Each structure stands twice: as structure tokens, then as C-alpha cells.
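Trainee: Please take me closely through one part of this model, the place where the ligand sits, and then work outward from there.

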Amino acid sequence: MENLRVYGGSRLYGEITTGGAKNAAVAIIPAALLVDGVCTIENVPDIRDVNLILKMLSYLGAKITYPAENTVTIDSSTVSTYRAPYDLASRMRASYYLLGALLGRFGKAEVALPGGCNFGERPIDLHEKGFRALGAEVETKRGQVTASADCLHGASVYLDTVSVGATINIMLAAVRANGRTVIENAAKEPHIVDLANFLNAMGAHIRGAGTDVIRIVGVERLSGGTYAIIPDQIEAGTFMIAAAAAGGDVLVKNVIPRHMESLTSKLEEMGVNVEEYDDSIRIKRDSPLRPIRVKTMPYPGFPTDLQPQIVALLSIANGTSMVTEDVWENRFQYVGELKRLGADITIQGQTALIRGVPSLYGAPVKATDLRAGAAMIIAALVADGVTTIGEPIHIDRGYERIETRLSKIGARIERVYITNG
Ligand code: UD1
């Protein structure tokens, strides 16, 4: 059995570099299905979710090569099927992007209902609404979503809820459709802008990504090219929070500081020293943390994907904090694990009441999902004694060689293999 073992109590010093954005990579890789030439994609993180989506493209018939570290080339001219492999697709959330991409390429797509982290109901009704507006028929049967259209055409789509996935999927389906598509109440996350920049670099006509109205004029074909993925907002945030928790002085490199503003302002409110440079952020802390209130929201609000990590940090603040989860209905499942480490947290509906404790203590815990796993690492870094984190496979979905990189800034963390019996 694989575990991460963390010896708590070390302060963190030095430099750590953020990798390419997972959520941009898992959208841009399927988008390569819409491109006629070869796409060279740089700054691709070597993480499980990305490797899974690459495997799916390869299964569909795309030619994939790895010419350098964190660089991938995709030639999808050899893809001839619109049916995604059920087993692989059902394992990850982002497999739903194959629906938009295959629909845009072939006018047809068959993809399993997506898997991924389980934090409540994760409907795809808005994705379907978008595909239907573009002229597709959509059906879900036996765990499989099928979409087909004789001719995809541009349309106006209003998203009742701000949805990252639906915004991306509609962009993918619309980019080669006939005519003009307008997505209103679109999500504005950095990876939506990154996908639009990638598609535009390949010849698409997308305007307004990063605002709540995205306008797409369909083009006949996209041609290949080279594109580098943006740094991962959530990974950078995880490192910033880890440094704030453990104390010390850490420079997080390869960051877009503008993407970090919601977190930066909260850390400053807590008394953490945050210095912004062009493409890096320095975190220093040597005084106690003040309690704060946080509410998760779509970008540019505080990201739900940093909620477990900030809760871990607040569990050692000097007073009581409140964190309200406003994106997912059930994203506090990991709190039971944090409590094993001595955190004092009560959940009231969508709000966690966190009474800061002077110190946490090491214990065996589990990574219940990707970001919950990151929260366990953060708590373990400050806990007295040894923490073992089970099921690190969840962490590997989104963080490349996490133990190696954190070790370089002074964390005492290692991957261990324990045999039962
Ligand atoms: C993406 C991220 C995930 C992050 C989330 C919110 C990826 C691969 N995953 O997930 O890490 O936590 O954004 O920032 O990028 N909704 C509907 N109907 C839909 C779609 C969504 O009602 O058809 C609701 C959801 O239930 C949720 C909210 O909209 O309450 C936001 O979901 P969405 O932005 O779509 O999240 P994902 O794209 O799945």
C-alpha cells in the first residue's frame, strides 16, 4: 500500500516552481481533436489526469509524442472514431470535454458519464443545453452520453449557473460550427482564457474569454502550431498556503500573480507577508495567523479548489474562522480526516466553523480527493509528529512529484510502500 509520510514541524525555505495548469491541460488536449495539423503543447504537467486524457486521445487514434519534458505533440488527423473508451472516460471528470471536441470534429460523440472527485451532484445539464442550442440531439443512456448533429450551427446560450465545464464544452463544439455563438454568463477562470488563446493560436475566432460574454465565430478548419499552457493557479495557491502554514520564506515561481489575488488578499488579512513579482510570489510568515471569513465563488472569487487547503491553514489560526462553500454542495467530506490531526471544525450546512488550535498532531489520514489530499499535506507539515496520508493516488491526479518538490524547500515528506500482513 502506498502512503505519503510527513514528519511535521519543519519550516519551509527556498524556491518552488509551479507546473502547467491541470484544468487548462485537460481542456486543451481534447481541443487538439479539432485541429487539422500537429499541435505542440508545452508546460504540460505530468500528472495522472493529464496522462489519462492523453491515453484517451491515443485510444481514439491520435498520434502522441513526448519530444521533451512536459511537452507533448498531438496529431489527431488519424482519429476516426467518435466513441470514447468507457472505462477511461468514466474515471475522470474532464473526459466530458471529449463530448464537445468530438461533436465539433465529427458532428457525433459518445462518451461515458464523467467520474472525478465526488463532492455532491455534478450535473451536465448546461453542457447538454449548449449542445442542443447548437443543433445537436443529446441522450444519456446506460451511463453513456451521446450527442449528434447533422450540422452544428452557431447559437446564443445563456448559462443559468456559471459553469467552467459547460463554458469550455460549448466553446469546443462551437469553434468549427457554422456561424456565430454567444455564451452568456460564461465562467471566467484563467483556464478558459487559456483554452481560447490556444484555439485562437490555431486559427479560431473567439473573443471575450475572461469576461462573462464569449463570442465565437465558427471557422472551417484549425491548423497546428505550438502553445504553452499557463501556470496552475491552484497548485501555486497550494504552495502559498503550505508556506504560510509551515512558516519560513518561500518564493513560488512560475505564477501569474493576478490569478492569485483572491488568495493573496486573504493571506494578507491573516497576517502573512505576501510579496508579488512579475511571475513569482514570495510568502513569509513568522507571526501567529489571524482568523478570517472565506466564501468560495467562481473566478475571480476565492476558488473552491483551494477551500480544503485554506481550511487546513485556518485550523491553526488564533481564533475562529468561517469558510462557506458556495460552489459544491458537499465539499467538506475531508473535514473528518483533518479532525484526526486535532483540528476543531464544525460543519453547519455549507459553512465550516474552524476554531483555531495551538497545534495539530500527526495521525494516519486519507486523501479523500485531490484537493483534500493537498489539505492533508498542509496540515501534516505543521502537525507534531508523523502523519501518514493514505491513497496519495488522488494527490497524483493533480500534483506532479509532490513529495520531491516539497522536499526541496525543506518539507520532510516521503513516499512509502507498506505491505499488509
Ligand atoms: C471545474 C474544475 C473543478 C472546480 C470547478 C469549479 C475542471 C476539470 N474541474 O469543474 O476542479 O472545482 O470547475 O471551479 O476544470 N453545474 C450545473 N450544471 C452543469 C454544470 C455545472 O448545475 O451542467 C453546477 C455544478 O453543480 C456546480 C457549479 O455549476 O455547483 C460549478 O460547476 P462547474 O464550474 O461546471 O465545475 P466543473 O467544470 O465540473
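Mentor: Start with the ligand itself, keeping in mind that this is a predicted model. An oxygen atom of the ligand is 3.3 Å from a polar atom in the backbone of Pro123. Ser163 brings a polar side-chain atom to 2.6 Å from an oxygen atom of the ligand. In the side chain of Trp328, an N or O atom is 3.0 Å from an oxygen atom of the ligand. The ligand has 22 residues around it, and those that come nearest are Leu126, Ser163, Val164, Asp305 and Val327.

Next, the largest pocket of the protein. Its volume is about 1,100 Å³. The lining counts 50 residues, and Arg122, Val164, Gly165, Val327 and Trp328 lie nearest the centre of this pocket. Two or more lining residues come from each of these elements: α1 (22-31), α5 (125-133), α6 (164-174), α7 (190-201), α8 (233-246) and α12 (370-382). Helix α1 gives the largest share, four residues. By residue type, the lining of the largest pocket divides into 26 nonpolar, 14 charged and 10 polar residues. Val164 and Val327 are named among the residues nearest the ligand, and both are also named among those nearest the centre of the largest pocket. Trp328, also named for the pocket centre, has the side-chain contact to a ligand oxygen at 3.0 Å.

Two of the pocket-lining helices, α1 and α6, also help to cover another helix, α4. Helix α4 spans residues 97-106 and is mostly covered, with eight of its 10 residues buried. Those buried residues are Tyr97, Leu98, Leu99, Gly100, Ala101, Leu102, Leu103 and Gly104. Besides α1 and α6, the cover over them includes α2 (48-60), β6 (108-112), α5 and β8 (144-148). Just after α4 comes Gly107, with a positive phi of about 75°.

Helix α8, another contributor to the pocket lining, is part of the cover over α9. In α9, residues 261-270, the buried positions are Ser262, Leu263, Thr264, Lys266, Leu267 and Met270. Strands β15 (273-276), β16 (280-285) and β17 (293-295), along with helix α10 (307-314), are also among what covers them. Gly271, just after α9, has a positive phi of about 100°.

Between β17 and α10 runs a loop that holds Pro300. The peptide bond from Tyr299 to Pro300 is cis, and its omega is near 10°. Most peptide bonds are trans, and most residues other than glycine have a negative phi. Two asparagines depart from that second pattern. Asn70 is not a glycine, yet its phi is positive, about 60°. Asn70 lies in the loop between β4 (63-68) and β5 (71-75). With a relative accessibility of 27%, Asn70 counts as partly exposed. Asn185 likewise has a positive phi, near 60°, without being a glycine. Its place is the loop between β10 (180-184) and α7, and α7 is one of the helices that contribute to the pocket lining.

On the other side of α10, Ser315 sits in the loop leading to β18 (320-324). Ser315 counts as buried because its relative accessible area is 0%. A polar atom of the Ser315 side chain lies 2.6 Å from the backbone oxygen of Ala312. Setting aside neighbours within four places in sequence, Ser315 is in contact with Ala343, Ile354, Arg355, Gly356, Val357 and Leu360.

Arg355 gives a link to the last residue to look at, Glu414. The two are 59 residues apart along the chain, and their C-alpha atoms are separated by 30 Å. Glu414 belongs to strand β23, residues 412-417. Its relative accessible area is 32%, so Glu414 is classed as partly exposed. Not counting residues up to four places away in sequence, Glu414 touches Asn3, Leu4, Arg5, Tyr7 and Glu403. With Tyr7 there is also a polar contact between the side chains, at 3.3 Å.

Key: Residues are numbered from 1 along each chain as its sequence is written. This is a predicted model: local features need pLDDT of at least 70, side-chain atom pairs count only at pLDDT 80 or more; totals for chains, interfaces and linings use all residues. Side-chain values use heavy atoms; hydrogens and water are left out. On a 1 Å grid over the protein atoms alone, a cavity is a set of points where a 1.4 Å probe fits but cannot get out, and a pocket is an open set with protein on both sides within 12 Å along at least five of seven lines; lining residues have an atom within 4 Å of a point. Grid points are joined across faces, edges and corners, and a volume is the space filled by probe spheres set on the points. Ala, Val, Leu, Ile, Met, Phe, Trp, Tyr, Cys and Pro count as nonpolar, Asp, Glu, Lys and Arg as charged, and the others, Gly among them, as polar. Buried means under 20% relative accessible area, exposed over 50%, partly exposed in between (1.4 Å probe, protein chains only). Contact means heavy atoms within 4.5 Å. A residue is near a molecule or strand if one of its heavy atoms lies within 4 Å of it. A polar contact is a pair of N or O atoms within 3.5 Å; within protein, one must be able to donate a hydrogen and the other to accept it, and residues adjacent in sequence count only if both atoms are side-chain atoms.
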